[in-house]
Amino acid sequence: SSASACLGEECVYPGVWEHDSAANALALLQVGSRAVGMGELQQLSQSLPLHVRCLGPSASCTYPYKAWSDLLKAGTCSADATPLAIEITPKTGSTKGTITCALEEHRKVYRFPAGIFEIGEQLLVPANTSIVGSSNPNDMAEPTKPPNWREQTLFLATRGVTDYLMNYCHAEDMVPTRVGFVLSSFVTVSSVSYQGIDTIRPSDNGALCGGGAFETKGCAENDCSISSVNNGGSDGIGSEHVIIENVRLNDYYFAEDEAKVGASIEGNYNCSTDHWTEQCCFCKPNGVRASQVGIWVPQSRNIEGTRHLFVNNIVTSALQADGINLHGMVDDAQVQNVYIQNTGDDIYALWGANSNPTNVTFKDCVGVNPGILRPNWYGNCVATYGLQSVVFENLKCMAPALGHPIPSPSDGSVTIDVSMFVVYNSFGASYPEGNNITIKGWTFEDLQGHPYTPATGTMDMPAPGKMVWTTSKNRVVAPFYFTSKGTQVNVYASPPGTPPPP
């Protein structure tokens with residue numbers, strides 16, 4: 001038999017489309033007796049002498065970056081609540097898609113259809129803008145189960161980092177250097193997916209300057225004093241009232257790349273000194289297509305920083321660096337219902353440095369396999385690098401207890417999979433008087449789901465193959481670790497199952 005179908009620009013091939021949920025819901029094309037995955041299908045489409053067109057609303061067409069981004073940049077929208085229908089032309093074929101925009105509660109709300117929307121630069125989303133996709137891509141009861149991609153709004157990067165030595169943090173303009181979204185104040189993003197195609201973490205991003213699929217406004221460097229460059233061509237003033245929810249990151253290619261996660265790469269582990277460009281310490285691409293960071297809040301140029309951030313219902317399959325990192329001054333941030341796996345650094349990080357972030361909560365979040373994209377090197381489920389106050393409520397961490405981690409060349413310390421929560425005094429961390437880290441319950445397991453306990457771990461100091469536990473300020477033994485005993489940090493812990501106060 002023969003059927004016609006369309007997935008992005010790879011459309012109308014004679015053959016049979018299959019939806020194989022047992023194989024991570026990859027869309028497969030049967031050509032003779034051979035099945036072809038999504039990534040290879042793009043290459044195949046260039047060589048087969050087949051007519052290509054898009055079949056319309058039921059198909060997932062690919063739209064070029066300029067076709068949709070110009071609308072946001074120009075602010076093209078209805079002047080009232082009556083939606084303006086804006087036709088956009090796909091890369092191939094004549095059947096157009098439609099983006100609508102209406103003014104809702106003083107915001108321009110752009111509603112995207114299902115389809116693949118290319119993005120090739122760091123795009124500054126104007127203030128008072130909402131980007132709403134076709135449907136929620138996540139089932140938090142089964143977070144690793146991929147959605148039906150033909151029903152989703154997917155933003156697909158067309159450029160990615162492959163060169164370890166590229167000028168990533170210190171470039172003069174972030175717009176052509178990085179790929180992703182920079183969200184201004186009063187911006188909402190919901191019900192979309194994003195796929196980055198970076199396959200390495202560049203050397204100058206080792207201390208993390210950005211590269212988030214979604215960022216708020218701020219500086220291009222991790223220290224604003226280094227340069228006057230800001231992300232996305234923004235003014236560098238911290239965003240406020242930003243919402244990111246029902247978003248799926250770096251999952252579109254994950255089924256094809258999963259076997260590369262943590263795979264050994266010969267000659268990639270010479271990390272004996274801190275002369276990073278003179279040795280190969282993860283200088284070779286790992287081949288896993290992803291963004292650098294999932295959600296990145298950079299240091300900003302105003303003393304108030306980033307305020308009123310709400311992150312909800314996020315699933316991420318892989319990242320070259322951190323999962324969610326809140327940097328600099330942050331006030332009133334809520335991160336909840338998040339599942340992140342397979343990072344190249346910490347999964348959940350609060351990096352206030354000396355800016356003293358306050359009123360930050362991470363709640364009902366799961367982290368799995370931190371640091372695995374740079375195996376044995378750096379990353380924990382939760383890390384802090386300076387703060388005034390933070391609450392970690394009902395978090396779950398699944399991480400291996402490593403027998404042979406790579407020691408830090410500076411002091412021989414271990415910086416990966418040490419404990420569930422790690423309190424650092426590095427990277428400019430400051431914990432002012434009256435600081436407060438509250439841990440309300442936790443689930444801490446190995447990758448097979450076996451629980452870690454104080455009896456099977458070690459107290460206060462790391463040991464090979466064991467997790468660190470420490471006694472909190474209120475005399476509860478909990479899975480956290482102080483990297484420095486000289487800093488006064490107040491950790492208060494409530495064991496799992498402890499009822500909340502009346």
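This note describes strand pairing in a predicted model, beginning with strand β15 and then turning to a nine-stranded sheet.

1. Strand β15 covers residues 187–195. Nine of its nine residues are buried, that is, under 20% relative accessible area, so the strand is largely enclosed by the rest of the structure.

2. One partner of β15 is strand β12, residues 129–132. The two pair in the parallel sense over four bridges. Within this pairing, V132 has S190 of β15 as its bridge partner.

3. Strand β13, residues 153–157, also runs parallel to β15, and three bridges join them. Here L156 is bridged to Q195 in β15.

4. β15 further pairs with strand β17, residues 240–249, in the parallel sense and over six bridges. The bridge partner of V192 in β17 is V247.

5. Strands of a sheet pair through backbone hydrogen bonds, in either the parallel or the antiparallel sense. Another part of the model holds an open sheet of nine strands, with parallel pairing, in the order β11-β14-β16-β18-β20-β22-β25-β28-β33. Its edge strands are β11 (122–125) and β33 (480–482), each of which pairs on one side only. On average, neighbouring strands of this sheet are turned by 15° against each other, direction ignored.

6. At the β11 edge, this strand and β14 (residues 180–183) pair in the parallel sense over four bridges. L123 stands opposite F181 in β14. Helix α2, residues 65–74, packs on the sheet and touches both β11 and β14. The direction of α2 makes about 30° with that of β11.

Key. Residues are numbered from 1 along each chain as its sequence is written. This is a predicted model: local features need pLDDT of at least 70, side-chain atom pairs count only at pLDDT 80 or more; totals for chains, interfaces and linings use all residues. Side-chain values use heavy atoms; hydrogens and water are left out. Buried means under 20% relative accessible area, exposed over 50%, partly exposed in between (1.4 Å probe, protein chains only). Two strands pair if DSSP finds at least two bridges between them. Axes are lines fitted to C-alpha atoms, for helices over the stretch in contact, and angles run from 0 to 180 degrees between N-to-C directions. Contact means heavy atoms within 4.5 Å.
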